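Student: I would like to learn how to read the features of a model such as this one, taking one feature at a time. Could we begin with the strands and then turn to the helices and loops?

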Amino acid sequence: MSNQMINQVVELIGPDRSNSDDFPQLAGPLRDLGWEVRRHADPATGTLHNLVFDPGLLESPTAARASAAVADLQAAVDAARERFPASGGRIVVIASRDYLGAPSRTAAAAAGGGLVSAVRSLALELGRAAITVNLVVGLPVGTGEGRSDLVGARAESLLPWDITAAELAATVAFLLDPRSSYITGQVLHCTGGASLLSSLTS
């Protein structure tokens, strides 16, 4: 386990988002956990320790946006890699449970599967630079009877409540923490057990 002090600054990046508050499922809850949250600037300067890439797959992405997720991730990493210090850093990617298969969400499912492969490949590529790359799979925050826009996007959780933004952010923070520095190339499901269920339940 690394004895590096926690660097409590994280940059968020994703398509069509102009500031950190455009990441409602992450920005506020990460701040509540003590993180200083910044929108990844383009071009960005200065040392980078923690980068979170959220392509919006937990929302209702268009097919075009979903299809661009892997290319957007690669572009973000290419632009950011020189900003990481010699001691390395953390990259966390957000995807949806759809990658296991989801009726009427083919583009999002394909994008999620592509991100899983991309994260594993980037972990292999960046490991010697001490940069970890991991993926958090979530469900849309607060889904249920009141979210008719996401009907069909949510596989039923095994737990008796809907996922909260705080739970999703805490999972991301776990992978950003230097005490998780020996974890890379992994997929961590924060889905209340939905990953165990058939794609036909989504």
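Tutor: Let us start from one pair of residues and widen the view: Leu51 of strand S3 has Ile91 as its bridge partner in strand S4. Please keep in mind throughout that this is a predicted model.

Student: How do strands pair in general, and how many bridges join S3 to S4?

Tutor: In general, the strands of a sheet pair through backbone hydrogen bonds, in either a parallel or an antiparallel manner. Here S3 and S4 run parallel and are joined by four bridges, and besides the pair already named, Phe53 is matched with Val93 in S4. On the other flank, S1 and S3 also run parallel, with three bridges between them, and there Glu11 has Leu51 as its bridge partner in S3.

Student: Which strands form the sheet, and in what order?

Tutor: Six strands make an open sheet with parallel pairing, and their order is S2-S1-S3-S4-S5-S6. Strand S2 (36-39) and strand S6 (187-190) stand at the edges, and because each has a single partner strand, one side of each is left without a neighbour in the sheet. From one strand to the next the twist averages 25°. Between strand S4 (residues 89-96) and strand S5 (residues 131-138), which run parallel, there are eight bridges; among them, Ala95 is partnered by Val137 in S5, and Ser96 by Gly138.

Student: Where do helices H3 and H4 pack on this sheet?

Tutor: H3 touches strand S1 (9-13), strand S3 (50-53) and S4, and its direction makes about 165° with that of S3. H4 touches S3, S4, S5 and S6, and its direction makes about 160° with that of S5.

Student: Are the residues of S3 and S4 buried or exposed?

Tutor: In S3 both faces are covered, since Asn50 and Val52 on one side and Leu51 and Phe53 on the other are all buried. In S4, Gly89, Ile91, Val93 and Ala95 point one way while Arg90, Val92, Ile94 and Ser96 point the other way, and all of these are buried; put as a count, eight of the eight residues of S4 are buried. For the whole chain of 202 residues, buried residues make up 48%.

Student: What should I look at when two helices pack against each other?

Tutor: Two packed helices are described by the angle between their axes and by the distance between the axes. In this model, the axes of helix H3 (residues 69-80) and helix H4 (residues 106-126) come within 9 Å and cross at roughly 25°. An angle under 35 degrees counts as roughly parallel, so H3 is roughly parallel to H4. The crossing of H3 past H4 is right-handed. On the H3 side, the contact is made by Ala69, Val70, Leu73, Gln74 and Val77, and on the H4 side by Ala111, Gly114, Leu115, Ala118, Leu122 and Leu126. Sorted by character, the residues of this contact are nine nonpolar, two polar and no charged.

Student: Which residues does Pro29 contact beyond its neighbours within four places in sequence?

Tutor: Pro29, which lies in helix H1 (residues 27-32), is in contact with Pro24, Ala165, Ala166 and Ala169 once those neighbours are left aside. Pro29 and Ala169 are 140 residues apart in sequence, yet 5.9 Å apart in space from C-alpha to C-alpha. Pro29 counts as buried because its relative accessibility is 12%. In the chain, residues 24 or more positions apart account for 77% of the contacts with a separation of 6 or more.

Student: What is the phi of Ser104, and what is the phi of Ala130?

Tutor: Most residues other than glycine have a negative phi. Ser104, in the loop between S4 and H4, has a positive phi near 65°, and Ser104 counts as exposed because its relative accessibility is 73%. Ala130, in the loop between H4 and S5, likewise has a positive phi near 65°, but Ala130 counts as partly exposed, given a relative accessibility of 33%.

Student: What pattern does the chain follow when read along the sequence?

Tutor: The chain has five helices and six strands, and read along the sequence they follow the pattern β-α-β-β-α-α-β-α-β-α-β.

Notes: Residues numbered from 1 in each chain as written. Predicted model: local features only at pLDDT ≥ 70, side-chain atom pairs only at ≥ 80, totals over all residues. Heavy atoms only, no water. Axes fitted to C-alpha atoms, helices over the stretch in contact; angles between N-to-C directions. Helix = DSSP H or I, 4+ residues; strand = E, 2+ residues; numbered from the N terminus. Parallel < 35°, antiparallel > 145°, perpendicular 65-115°, else oblique. Left-handed = near helix turned anticlockwise from the far one by under 90°. Contact = heavy atoms within 4.5 Å. Nonpolar A, V, L, I, M, F, W, Y, C, P; charged D, E, K, R; others polar. Pairing = 2+ DSSP bridges. Buried < 20%, exposed > 50% of the residue type's maximum accessible area, 1.4 Å probe, protein only.
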